[in-house]
Structures are given as structure tokens and as C-alpha cells.
Amino acid sequence: MRSLSWRAGAGFAVGAVLLFGVAPFALSDFRLSLLAKYLCLAMVAVGIGLAWGRGGLLTLGQGVFFGLGGYAMAMHMKLADAGPGEMPDFMQLYGQLDALPWWWRPFANPAFALPATVLLPMLVAFLLGSLVFRRRVRGAYFAILSQALAAAMAILLIGQQGTTGGTNGLTDFQGFFGYDLDDPVNQRMVYFIVAGVLLLLLAIARQLMRSRYGELLVAVRDSEERVRFLGYNPANVKLVAYVTAAGMAGLAGALFVPAVGIINPALIGIVPSIEFVIGVAVGGRASLLGPVLGAVAVAWAKTTLSEEFPAAWTYLQGLLFVLVVAFLPGGLASVVRLLRRRRRPPPDPAPVSPAPVVAQEVTA
Amino acid sequence: MTVIVSQLFTGVSIGAVLLLIALGLSLTFGQMGVINMAHGEFIMAGAYTVYVLQKVITGAGWSLLVALPLAFAVAGAMGVLLEFLLIRRLYARPLDTLLVTWGVSLILQQLARDIFGAPNVQTRAPDALTGNIKITDDLVLSNNRLFILALALLAVVALTLVLRFSSLGRRIRAVVQNRDLAAVSGIPTGRVDRLTFLIGSGLAGVAGVALTLLGPIGPTMGTNVIIDAFLVVVAGGIGHLKGSVIVAFALGTLQSLVEYSTTVSVAKVGVFVAIVAFLQWRPQGLFTLRTRSLA
């Protein structure tokens, strides 16, 4: 046990050195801001790893929570750019409104907007989750409902062009809490915030996974009925994982806005929501670091390939879904574990498990 | 009054389209528990069948008639291939099936883009289906909507007859109700699965033919309709066709009425909220298959 936590500490130290010490000096400003974008996507992946990898909740609607966090932050930044009492530029442009809509007003206050980026997604997840899990709607039903939520949210945002910017979304931000976003120094600052938050979320996810709650979550994934008969309420266990994942996605969305400079419906609908999942699947859904590395790798491959060969990228993405999920359900993390096990045989014979559906456990 | 009646007709015709799309799903998802995200692309394949066929058969009426069985065959063959190559290996992992078939749907969409081009294409509708039937001055029913309604009802009746009276239907129901018992009774469950998938996917092809009457067709046409169709099957309940039929028409009507009083986007959200609320009341859908499993 002690050696494990020592290894985890060392792992975090290496991660911190890479993110804070190496990347800012090795990469150009442009590459660094791209990395900040990937790291934001990786935050969503940490949450999906928890909910799907550990809890078996295939959530195909993380874009909704990402979007709620992103729009909350973007609305605040728009209002801050416009100045007190003024309307954001796009509302004046469309000219449909005489005054700021009531639900925009509280976001002018950072003391409301900042917590809202996390709490709003968590609230929505809590409402949907408690309705759905308590009635034992699960498995594929839950996946489809979460996907329908993403579709509904994107359609709603597009339909309300006057107040949400419609298809264009919210973009063209000047300042981030008084700092000029055009200044490369401030872009670096945003990157550092993103990297720090990602490490924090990883620490939270690790603690959750290794706690008694984490054990319970895996138990619910593998045999919900048995957990119920042991006296726990599986609905609550799932709800915690779902709400946590939603909060992480909301935070990711909130940081995505200053890092990338845009939030729009195309970033939160069905397709981006399911793209969050593929990174997690590639990296290894049940491991801690797998989702992060998978998400960064897939996002990087997407930017590199999709600009030059858009058709080839779509084929590759489709093949990734098919091959990884069908034939390597544990993702790359299971390959790493397999190699490690081959190099040094375990002291005691591994217990025979009847159906290794997903990579059973990750202890690092 | 006529406004309400004409909105109701719109709702019923939206429901008919939903039903045609959901009917195949209620077989593959409802009966077999397979979430096939590529179902939307089978619809697309059916629609492009009409497009290709019209290059050969110029008469719009004949091409439509030939397209119906041909699209069934094309989409059905794609479905069988998919089942044989991938889904067969994933029956124990329904959620993974969802992701794998999503990948397949991405590949099929890109294939369609490479073959037919990214922009939408238009097919010709037969003259007989372009007109309207005037009931009163305000109430006008369009022929193509009526045709789709008839097609949907025909498909429901045919499918019900097959499931209820044919030997294949008996086998399908047996496998749904108890796979192990069916297997020891000598039913080749693997082959029954494949045939079920053939019929379900073939119905997607037929739905694709119907969609060509309503508008242009394109590589992403399947994605736009598939979620609604899944919601229909979820709310309708597993293992029963009548659940899907009732829910499809109910949702169509609800959407058309909400749409009339607000906007399209609000209607979509309204439908979603209605389904979540409905599942509070009936978590397993409208009709459930009674089994001894804990639910």
C-alpha cells in the first residue's frame, strides 16, 4: 500500500514536471494553446472514465455539461467585455432585444458565474440522474436518454439565436477577468490554470476510485442486484459518479472558453459528445490515466489529420470505434498491463473471473 | 377546429415516419437488445437505392415500386453482414455494441460522401404522390404523407403477421423470451438472430425509400432521425410492436402540437421532457415483457 501511494506521488510529480516544466518551453505559443484545448477535453475524459469505466454508465451526453459550463463562463466574459449595464455585442447586432434577458443578468457577477460553471451542470445531472436511476432505467436506455439530452440541448441553443448566439455560439472574447486574452503571456497563464485543474481532477478521481465508494461503484457496474441485496442503494452510487463527471465536464467547458475562445452548439451536440467517449475507450476506460492520454491522443490526431485528409480521418475514427471497442475493450491501458505482467509474473495465480468484460481493476 | 385537425394530421404523418424508422429498431433493439447506431445509415442506403435506381428506371412511379423491395434487400444485406462480422461477437456487451455500430455508421456516412458526394441529392416523386386531397378548403392532406401513412401501417400489419403466424416469427419470439430454452428445443438461435436482423435492417431500407418523398437525401440523413426513433422504442417498451406504434403516433402528435404553439426547437425539448416524465411512470416502457428477472 505504501509503495503504491509512493508510486502515485511520483506519477503526479512526473506529470506536473511535464506539464509545467517541459511543455511551456518545448512548445511554441500556438502548440501550447492547442495543448490547453486537448487538456480541457481530457478533463471531460476523466469524468467519463469514472462514470463509464468504473460505473458502467455510458453517458453519451457529456457535451451538455461541457456546454453548460462553457456557456456560463462565456456569458460572464461577454458581459464583462461589454461593461456594466451594457448588452453583449452580438445581441446588439441581431437587434431583437431591448434589454438583457433576465437569465443573463446574474452571470455578470463572477461570484455567481464561476461557481455556476460547475454547479449548473451538476444540478442538471442530479435532476436527470435521480429521475432516471431511481426508476432503474439503466444500460442502453440511459445511454440513449443521455444522447437525446445532448441533441435537445444543441437544438435549443441553435433555435434561440437572439439570446444564445445560435449556431455561431459565443465567441470573440477580449478579456479574461481583466487580463487581455490576445496577449501570449495571458494565454500561457490560461494554459497553466488548465494544466493545474487537470492534475487536481486526476487527484480527485484517484481518491474516489481508491475509496470504499470506488469499490462500491465497480460493484454496481458488475452486479447491480447483488449490491442492492447487500443493502446499498445503487441509484445513489451511480448518481454520485454521474454528478461528479458532470461537474468535471462543466469545469472543462469553462476553461475551454478562455483557452480556445469559442463555445457553440457544434461543440456540445451528439457528435462531439460521443467523440469524448472514443478517447476514453482508446486509452482504457477503467484506468485513471488511460482516458486522459487517450483523449489527448485522439484530439491531437484529429487536428493533425482532419485538416489535410478529412475523409481519411473519418474512416480512421470509425475504425477506431470498431476495432478498439470490439477487440480491445480495455484500451491501451490493458496492453500496458499485459506487457508488464509478461515481464514479471505475479506472485500468486490470478483469480479466475468468469467474464472479463472490461479490464477489471487498475491499481496504479 | 380545422387547424386542430390539420395539426393532428401533421402529427400523425410525423408519427408514421417515426414508426417506419422505429419498426426496424423495435426488432433489432426491442427483440434482440442490440443497439444498432448504423440503423440510420441503413435508412440512408435505402434512400440512395431510389436515387441510383432512378438513373436506370426513369419512370418515377415504377422506380418507387421497384425500390421498395430492392431497398429492403440492400439494407437487409448490410444488416446481415454487420451482424455476422461484428454484432454477433458483442451480444454480451450491449453498450459496446452501441459504440461499435456508431463507428460503422461514421464509415458508412463517409462512404456515401465519397460515392455520391457530400451535398444532398434530390429524387423524383411520382406524379400521383405530388398532389393533395382537399377535404375542406382549409384541410388539405398531401398524397405523399398519406402514402407514407399507408406504408407504415402496411409494414406494421405485415410484421405482426410474420411474428405471430409464421414459423420464423414463432422462433423469433421464442428466442426473445428465453434464449437458452429455445436453443435446447432445437431452434438455431444464431440463424434466427441473423434473420431478425435481416428483417429489421430491411425495414430501415423501406423507411429510407419513404424519406425520399419528403425531402432531399444526404449522407447524414440517418443521424438526424435515429435518436427520435430510439426514443420511440425506449418509451414503447421492449419486445412489443404495439408499444412502438402507440408511442410513435403519440410523439408525432405531441411534437406537431407543441411545434404549432411554440417553435421546432422547443418542441424537441418538450418531447424529451415528456419521455423522461413518462419513464418515471413506466420505467420499462409502455408495454413490458414479463420475465422473472429482477428489474
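In this predicted model, chain B carries 11 helices and 2 strands. Read from the N terminus, the elements of chain B go α-α-α-α-β-β-α-α-α-α-α-α-α, so the two β entries sit together, after a run of four α entries and ahead of a run of seven, under the DSSP-based assignment.

As for overall dimensions, the C-alpha trace of chain B spans about 60 × 45 × 35 Å along its principal axes. A compact globule of 295 residues would be expected to have a radius of gyration near 19 Å, and chain B comes in at 19 Å, so the two agree. Buried residues account for 48% of the 295 residues in chain B. Turning to contacts in chain B with a separation of 6 or more, 77% of them pair up residues 24 or more positions apart.

Over in chain A, one helix pair deserves a look. Helix H12 (residues 270-283) of chain A and helix H14 (residues 310-327) of chain A have axes that come within 10 Å and cross at roughly 45°. H12(A) and H14(A) are therefore oblique to each other, and their crossing is left-handed. On the H12(A) side, the residues involved are Ile278(A), Ala281(A) and Val282(A), which meet Gln317(A), Leu320(A), Phe321(A), Val324(A) and Val325(A) in H14(A). Sorted by character, the residues of this contact between H12(A) and H14(A) come out as 7 nonpolar, 1 polar and no charged.

Key:
Residues are numbered from 1 along each chain as its sequence is written. Chains are lettered from A and ligands numbered from 1 in the order in which they are written. This is a predicted model: local features need pLDDT of at least 70, side-chain atom pairs count only at pLDDT 80 or more; totals for chains, interfaces and linings use all residues. Axes are lines fitted to C-alpha atoms, for helices over the stretch in contact, and angles run from 0 to 180 degrees between N-to-C directions. Angles under 35 degrees count as roughly parallel, over 145 as roughly antiparallel, 65 to 115 as roughly perpendicular and the rest as oblique. A crossing is left-handed if the near helix is turned anticlockwise from the far one by less than a right angle, and right-handed if clockwise. Two residues are in contact if their C-beta atoms, placed from the backbone, lie within 7 Å. Ala, Val, Leu, Ile, Met, Phe, Trp, Tyr, Cys and Pro count as nonpolar, Asp, Glu, Lys and Arg as charged, and the others, Gly among them, as polar. The radius of gyration is taken over C-alpha atoms; the globule rule is 2.2 Å times the number of residues to the power 0.38. A residue is buried if 20 or more other C-beta atoms lie within 10 Å of its own, exposed if 12 or fewer, and partly exposed in between; C-beta atoms are placed from the backbone.
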